[in-house]
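Subject: Structure for your review

Dear colleague,

Please find below the structure I am handing over to you. My findings follow beneath it.

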Amino acid sequence: MVEIVAKGPVKSRQKKGWAAWYVSTRHRDIKKIAGEKGELIWFRDREDAEQKARELNAAQYTNGVVTRSSAGTLGSAHKIYIAALEERAERKNIGWPYVDKIKSNLKRPIDRLGRNTKVTEITKEIITRYIEGDPRCLTVRKDVLKYLKAVFEQAIELKWIGNNPAARVRIEGQRVFTETEIVEDVGYNFDYDECERIIQGLIKYDTQNDYLPEKLRERTSVNPSKPQGWCNGLAVITIATTGLRTQEIAALRWSAVDFEHDRLLVLFAKKIGKGKRHFIGNVKSKKGRRAVPLGALAKLLKEWRLRSPYASDDDFVFPTHDGNFRVSYATWNRAIKRVLDIENIDRHFTSYTFRHFYATLLAHKTQNDFIKVADRLGHTSIEFSRRVYCEQLNDATKNAENEVADSILNTNTGEKTIVVGGEVYELRR
């Protein structure tokens, strides 16, 4: 182990008015925590340089000297972590929007904590003070803390530190739910009859001009090539009766609709690439590649294919008017809002809400067969399906004989008639 001493003055620096005394930690025999090259630390006064030399020598006898080289800094750990995420995004294991979100959320804390600060100098108390002083909402602060933990985990892998200081930080006001509370205190309490009214309203939205907003009615009368509500209501109905994700519905082609075997083949999904470029790629995971039965939904899809101008196997099932896949789901959400207004239902529903509804009703109809629910939703975790997607349904008296599509497109007793494309269909159980 080499003794560290103050050196100087360096005359060339002294002439220019710069700090001329220095302490060097570059010798290879100086014990360091992180950063193999060491550094030169400059001082204006000899006394300050000697004081720093004494501190560094003392550090050599304990844990080691902390240098200011790039290795071992928070900024370096952050760069390596982001590079690993970008590599995963290039392999399409994660989406670029997720990477952009992490970059955005980490920029502020990395700057405030100090990019050149050694990770060994950052303590639980420092992170806690930053999190408590962050003016952003609780959700953002929780995300920031999660991403900071990942950055320090990266530093642990590089052997720059031995433990994660962010792992022990707790955000004030953050509530920890018990399993009972998770089951009982869920996001939605679905009313079966209410959802059934919405489904029937969406069928009318596509087929009856009275259900269309005024602007769409005017466009339909002027341009007959864009009839009625197109297929926007049916897209939401498909989510409600198959449980597909909105991005899977957007990427669905007619070749994946297997009427012969009464099923949908879920193979692709809409994705967002680098630079927010939309493209069609593989589903999220191997478990996401699945076949979902059609049931009573098949009649509606057959009718739509007959009147759709894009009906070949390579065409999208729910395209825009120019035949492309949808990059935004706002049109589907507007269809839902229109039906809610007409039916006087005071609820907030989006197209993705109906995936929750599907999971809830399927769990109810199968008497809580969460293995089947996870398979239909494309989840690798059965517990995740149960905890997140299977919520309360306000009608515990419904029998468990039928599954979702047949249940919400057919009546509870006997038969029901629906109007599709000007023709009356009778749907029987």
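Which residue takes a positive phi in the hairpin of β7 and β8? Asp 262 does, with a value near 55°, and four residues lie between the two strands of that hairpin. Please note that this is a predicted model.

**Overall composition**

The protein chain has 429 residues, of which 46% are buried. Its secondary structure consists of 17 helices and 14 strands. Among the contacts with a separation of 6 or more, 65% are made by residues 24 or more positions apart.

**The sheet β7-β8-β11**

The hairpin described above belongs to an open sheet of three strands, ordered β7-β8-β11, in which the pairing is antiparallel. β7 (257–258) and β11 (290–293) are the edge strands; each has a single partner strand, so one side of each lacks a neighbour in the sheet.

β7 is joined to β8 (residues 263–266) by two bridges. In the first of the pairs I list here, Val 257 has Leu 264 of β8 as its bridge partner; in the other, Asp 258 stands opposite Arg 263. On its other pairing, β8 meets β11 in the antiparallel sense over four bridges, including the one between Val 266 and Arg 290 of β11.

In a regular strand, side chains alternate between the two faces of the sheet. β8 has a covered face, formed by Leu 264 and Val 266, and an uncovered face, formed by Arg 263 and Leu 265.

**Other strand pairings**

A further open sheet contains three strands in the order β1-β2-β4, again with antiparallel pairing. Here β1 (6–7) and β4 (40–43) stand at the edges with a single partner strand each, so one side of each is left without a neighbour in the sheet. β1 and β2 (residues 21–24) pair over two bridges, and Ala 6 stands opposite Val 23 in β2.

β9 (residues 268–272) and β10 (residues 278–282) run antiparallel and are joined by five bridges. Lys 271 has Phe 279 in β10 as its bridge partner. The hairpin of these strands has five residues between them, and Gly 275 takes a positive phi near 75° there.

**Helix α6 and the loop that follows**

Helix α6 (residues 138–157) has 20 residues, which at 1.5 Å a residue should span 28 Å; its end C-alpha atoms are 29 Å apart, in agreement with that expectation. Its buried residues are Arg 141, Asp 143, Val 144, Leu 145, Tyr 147, Leu 148, Val 151, Phe 152, Gln 154 and Ala 155. As a general point, an α-helix has 3.6 residues a turn, so residues three or four places apart point the same way. The cover over the buried residues of α6 includes α3 (74–90), α4 (96–113) and α5 (124–133).

After α6 comes Lys 159, which has a positive phi near 65°. The loop between α6 and α7 (179–184) also holds Asn 164. Is Asn 164 buried or exposed? With a relative accessibility of 7%, Asn 164 counts as buried. A polar atom of the Asn 164 side chain lies 2.9 Å from the backbone oxygen of Lys 149. Beyond its neighbours within four places in sequence, Asn 164 is in contact with Lys 149, Phe 152, Glu 153 and Ile 156.

**Nonpolar cores**

The largest nonpolar core has 56 residues, and the members that touch the most others are Ile 237, Phe 318, Phe 354 and Leu 409. Neighbours within four places in sequence aside, Phe 354 is in contact with Ile 198, Ile 199, Val 236, Ile 239, Ala 240, Ile 336 and Phe 349. Apart from this core lies another, of 30 residues, which includes Ala 89, Val 144, Phe 152 and Val 169.

**Cysteines**

How many disulfides does the model contain? The count is zero, taking a disulfide as a pair of cysteine sulfur atoms within 2.5 Å. Cys 195 counts as buried, with 0% relative accessibility, and Cys 231 is likewise buried, with a relative accessible area of 1%.

With kind regards

How values were computed: Residues numbered from 1 in each chain as written. Predicted model: local features only at pLDDT ≥ 70, side-chain atom pairs only at ≥ 80, totals over all residues. Heavy atoms only, no water. Pairing = 2+ DSSP bridges. Buried < 20%, exposed > 50% of the residue type's maximum accessible area, 1.4 Å probe, protein only. Expected span 1.5 Å × (residues − 1). Contact = heavy atoms within 4.5 Å. Core = buried A, V, L, I, M, F, W, Y, C linked by side-chain atoms within 4.5 Å. Polar contact = N/O pair within 3.5 Å; in protein donor to acceptor, adjacent residues only side chain to side chain.
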